[in-house]
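Student: Please take me slowly through one part of this model, the strand pairing, and then set that part beside whatever can be said of the other chains. I would like each term explained as it comes up.

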Amino acid sequence: MAETLLAVRGLSKRFGGLLASDRIDLDVVRGETHAIIGPNGAGKTTLIGQLAGDLRPDAGAIRFAGRDVTGFDAPLRSRLGLARSFQITSIFRDFSALDNVALAVQAHRGGNFRFWRSARDERALREPARVVLESVGLGARAGVLAANLAHGEQRQLEIAMALATEPRLLLLDEPVAGMGLDESQQMVRFLGALKRRITIVLVEHDMDAVFSLADRISVMVYGRIIATGTPPEVRSNAEVRRAYLGEDATP
Amino acid sequence: MTVTVALVLEQTLNGLQYGVMLFLMAAGLTLVFGIMNFVNLAHGSLYMVGAYLATAFAAWSGSFVLGAALALPATLLVGIVVEVVALRTLYERDHLDQVLATFGLILFFNELIAIIWGRAAIYTSLPPFLGGHIRVLPGVPYPAYRAGIILVGVAVAVLLWVLVTRTRLGMRIRAGASNRTMVSALGVNIRLLYTLVFGLGAALAGLAGAMAGPIYAVQPGMGEAILIQVFVVIVIGGIGSIRGAMVGAIVVGMADTLGRAFLKPMLATVISPPAADKAGPALASMVIYLLMAAVLFFRPEGLFPARGRS
Amino acid sequence: MLISRRTIVLGVAGLLLALVPPIAALTNQPFYVDLFRRMMIFAIAAVSLDLILGYGGMVSFGHAAYLGIGAYAVGIPAFHGIDNGFLQWSLAIVTSALTALVIGAISLRTSGVYFIMITLAFAQMLYYLGISLETYGGDNGMRLAARSKFGGPIDLHQPMVFYYVVLAILVLFLVLGGRLVESRFGMVIRAAKSNEPRARAIGFSPFRYKLTAFVIAGGAGGLAGALLANQTEYLTPEFMHWTRSGEIMFMVILGGMGTLVGPVIGAVVLLLLEDVLSALTAHWQIILGPLLVLVVLFAKRGLFGLLLGAASRDG
């Protein structure tokens, strides 16, 4: 019996006159890769923000691993196992790649009121960080300043940081955004290997990535989820076709 | 000291008058904050420049009104020169840089004034036609000059309201306070807008300074004393909002004035007079900061945040 | 063994500072002991500010308040005949740390320009409080009844002894500070400064760490204040005025923020500059003001940053 890891009920969020989230219901099953797609302005970013804990919903509830996390802030959700990557690359630019991941390890391990020992000398932080960096393919770039990494490498670093917190669920906000063809295919392959081990919620515009990775897809339009199902189901859904392709859609 | 109705009325009007001074300073500062995202510690220096220029022009022309009238455009000019020469490069920088750089300007202006006019406080005499008292209520005389300040304040508030709600410039100002990038993207000449807004703020500060001459000490550093209170006004009122500046200014002006006047006697009814004598003034000066702390705690965006900013 | 440029600068600086008293004695210029001691006291204050400003990104415009509290923590007991140094200096550290706890707990709920304003406002509050203390001089301030007594060989009335006490404290702060910023705790602070949303996303709740850093910096500032009171033998509420906070901030920026050593250089250079300029003209501030503007516009990384050159970008 598949367990629901993330359950969203009636999530609503309004910005002045704009209803960005309109009574959203969503279930993410443990082990699945669930993609959220929709045209620009559909409210995907707002949804991610509320799932991650950056935005407070006006109404509704979010349950994660059986707990009501609606009132929990982002750090707390992260410590509970909900990791995220950002749409616009957000890393610690003045630290090395290894430092970045080590910080994520440190955040997850806790015990941070230590004032004497140099954190960079702690094997308990550096070794796991190194392992994660290797796993995303950045092992050789460990000592490079994050600001000096290529754009694609920075996106990989984001994922490495998320993974270093040993998450139960990975919230990926447009992971292949801004990547060239080779880089995005590489990322998709990596995520494809990853999906067996971890539950993923994926917001993406790149349809190749979505259809090759997603077990299920939810389609958002104007703040509402209009359809949820497997890729073939969503492909053939009339409302979805109308929303994306206009009235006269050829199959 | 016996607390009479006349005294309360007089202090209330004083609070209003002080509120007007704060409003004139706060209006300019909040616009600069809100539209240009610029922290200007040197705003108080423009107030000081206005005061000194008004005094100088009044002495030269023999007329207080002429002195004030000349001081306004002069301060406006100083403001624009400062903006173009020193401040433009700072718009892109972070707030720390702006704070430090404008702090450097404060040091410069204070010393410049000291070089020209010396460090001792200079006093401007009240203009003769405003030297008397007016009868606010039977038996309640009030200094005509202070009443004049209140009237000027109301007039400026109305003019600003007209400017902001009824003119194109005002529309751009409101848009800029809400969403700076959008205004720029829509093709409005941002540079010119910034300079105009800054100039407007300088003129208002200059007006406040010109009116301050006869009733407050005119000396180097006078700008900083009032500046902190102006920041409190903006925090309470909401950054970028003129309405907030107005409400905040009245609140702060009243709280400060009434606090200084009545906290000591009020305390004396609860604790011993000698203790109240000590604690009263100390607490009175703290009142507005406690207010600000409370607002920041409960409603950090201020009482009347500019639309779209919360 | 690789010796970094930073260590070399530190070593040279420490050595030079240690040599000042003997050289001053040899050349019969005791004034320099006084001057350099004053510089080191402000260097201690600047280093304490650098912890939260340079490493934590907290633009506290009220840091001078802690110097004032520390000074009065020495002055007020001395006024009442209590001149035990251990007691006074502990009081200085504890009271300023507690004040920082209260101010920080409220201020750190805000950020950006609000944070700057609220720290400024709190400092002004304390300044007015100082002025209202009529028993202790009000806005005229008061003379220090006697320098702090420690017993034994540590007699602060001996200029050289006092000098080495200050130097020892400065070195101690630099060493402790150096360990602090590289520790786990330091890493959290620096990560929060580098990218706060990112720090939160990986699971750090920055508030508690920032508050702790704020308290540490406040306590350290209090100790600097205690030293200052002993140095000047006169204390006034002016110690707490926000323009003094600006001066200390200037020292940190001029020297190079986020380096711990930079602020020491900044303090020395700025005070030397003030000394030299004030001999030239009573209106030296008119040069200092624009100088600050220029430093901010063009030399943001400060003197130490220039010294280190590109080598300082290794995170």
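Tutor: Two strands are said to pair if DSSP finds at least two bridges between them, and the elements themselves are DSSP runs numbered from the N terminus, helices being H or I runs of at least four residues and strands E runs of at least two. This is a predicted model, in which local features need a pLDDT of at least 70 and side-chain atom pairs count only at pLDDT 80 or more, whereas totals for chains, interfaces and linings use all residues. Residues are numbered from 1 along each chain as its sequence is written, while chains are lettered from A and ligands numbered from 1 in the order in which they are written.

In chain A, strand β1 (residues 4-15) and strand β4 (residues 59-64) run antiparallel to each other over 5 bridges, with R9(A) opposite A61(A) of β4(A). β4(A) also pairs in the antiparallel sense with strand β5 (residues 67-68) of chain A, over 2 bridges, and here R63(A) stands opposite D68(A) of β5(A). β4(A) and β5(A) make a hairpin with 2 residues between them, and A65(A) in that turn has a positive phi of about 50°.

Chain B offers a helix, α8 (residues 190-212), whose 23 residues reach 33 Å from first C-alpha to last, close to the 33 Å expected at 1.5 Å a residue; the expected span is 1.5 Å times one less than the number of residues. Because 17 of its 23 residues are buried, α8(B) is largely enclosed by the rest of the structure. Buried means that 20 or more other C-beta atoms, placed from the backbone, lie within 10 Å of a residue's own, exposed means 12 or fewer, and partly exposed lies in between.

Chain C has 13 helices and 2 strands, and 55% of its 315 residues count as buried. Its radius of gyration, taken over C-alpha atoms, is compared with a globule rule of 2.2 Å times the number of residues to the power 0.38; the 19 Å of chain C agrees with the value near 20 Å for a compact globule of 315 residues.

As for confidence, pLDDT is the predictor's confidence in each residue, from 0 to 100, and chain C averages 89, with 97% of its residues scoring at least 70. Over residues 310-315 of chain C, however, the pLDDT is below 50. The model as a whole scores ipTM 0.90 and pTM 0.88.

Technical notes. Contact = placed C-beta atoms within 7 Å.
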